[in-house]
Amino acid sequence: MHVATIIGTVWATQKEGTLGGLRLMVVRPYTTDGDASAETMVAVDTVGAGVGERVLVVHGRAARHAIGKGHDIGFQTAIVAVIDQMDLDDGRVVGQTADRDLEA
């Protein structure tokens, strides 16, 4: 499971049949040091999240289960929650979006 920030939307007019009707978002893993991760992933949005929001992303079987198509889908990454707030052990409060973060 990753904490990530949604940084974009994927638009695909042609895609594998089992992906029909699914909303695809570009996510970047959240890092606690404040540096942007170079890694990006595409995840199916199961909760209606938006660009800029911090989310929980699951992989593999958990993602296929969240998407609701079991093993009959060619995708293994899904957004399963929008984060309201994270309280880190150094006193920082991480908000739903970057503009809601609070310093320690």
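The turns below walk through the fold, a pocket and two buried residues of a predicted model.

Trainee: Which pattern does the chain follow, read along the sequence?
Mentor: Start with the inventory. The chain holds one helix and seven strands. Read from start to end, the order is β-β-β-β-α-β-β-β.

Trainee: In which order do the strands of the closed barrel run?
Mentor: The barrel has five strands, and their pairing is mixed. From one strand to the next, the twist averages 55°. The order is β1-β2-β3-β5-β4.

Trainee: Which residue in β3 stands opposite Met 25?
Mentor: Look at the pair β2 and β3. Strand β2 covers residues 24-29 and strand β3 covers residues 41-45. They run antiparallel, joined by four bridges. Opposite Met 25 in β3 stands Ala 43.

Trainee: How much space lies in the largest pocket?
Mentor: Take the lining before the volume. It has 17 residues, with Tyr 30, Thr 31, Gly 34, Asp 35 and Arg 54 nearest the centre. The elements that give two or more residues to it are β1 (2-10), β2 and β7 (93-95). The space comes to about 240 Å³.

Trainee: How many residues of that lining are nonpolar, polar and charged?
Mentor: The lining of the largest pocket counts 17 residues. By class, they divide into seven nonpolar, four polar and six charged.

Trainee: Is Arg 64 buried or exposed?
Mentor: First place the residue: Arg 64 is in helix α1, residues 61-67. Beyond four places in sequence, Arg 64 touches Lys 69, Gly 70, His 71, Ile 73, Phe 75 and Gln 76. Its relative accessible area is 12%, and the cut-off is under 20%, so Arg 64 counts as buried.

Trainee: What distance separates the C-alpha atoms of Arg 64 and Ala 78?
Mentor: Along the chain, the two residues are 14 residues apart. In space, their C-alpha atoms are separated by 7.6 Å.

Trainee: Why does Thr 77 count as buried?
Mentor: Thr 77 sits in strand β5, residues 77-82. Setting aside neighbours within four places, its contacts include Val 42, Ala 43, Val 44 and Ile 67. Buried means under 20% relative accessible area. Thr 77 counts as buried because its relative accessibility is 14%.

Trainee: What share of the chain's residues count as buried?
Mentor: Take the whole chain now. Its C-alpha trace spans about 45 × 25 × 20 Å along the principal axes. Among contacts between residues at least 6 apart in sequence, 52% join residues at least 24 apart. Of the 104 residues, the buried share is 37%.

Key:
Residues are numbered from 1 along each chain as its sequence is written. This is a predicted model: local features need pLDDT of at least 70, side-chain atom pairs count only at pLDDT 80 or more; totals for chains, interfaces and linings use all residues. Side-chain values use heavy atoms; hydrogens and water are left out. Two strands pair if DSSP finds at least two bridges between them. Axes are lines fitted to C-alpha atoms, for helices over the stretch in contact, and angles run from 0 to 180 degrees between N-to-C directions. On a 1 Å grid over the protein atoms alone, a cavity is a set of points where a 1.4 Å probe fits but cannot get out, and a pocket is an open set with protein on both sides within 12 Å along at least five of seven lines; lining residues have an atom within 4 Å of a point. Grid points are joined across faces, edges and corners, and a volume is the space filled by probe spheres set on the points. Ala, Val, Leu, Ile, Met, Phe, Trp, Tyr, Cys and Pro count as nonpolar, Asp, Glu, Lys and Arg as charged, and the others, Gly among them, as polar. Buried means under 20% relative accessible area, exposed over 50%, partly exposed in between (1.4 Å probe, protein chains only). Contact means heavy atoms within 4.5 Å.
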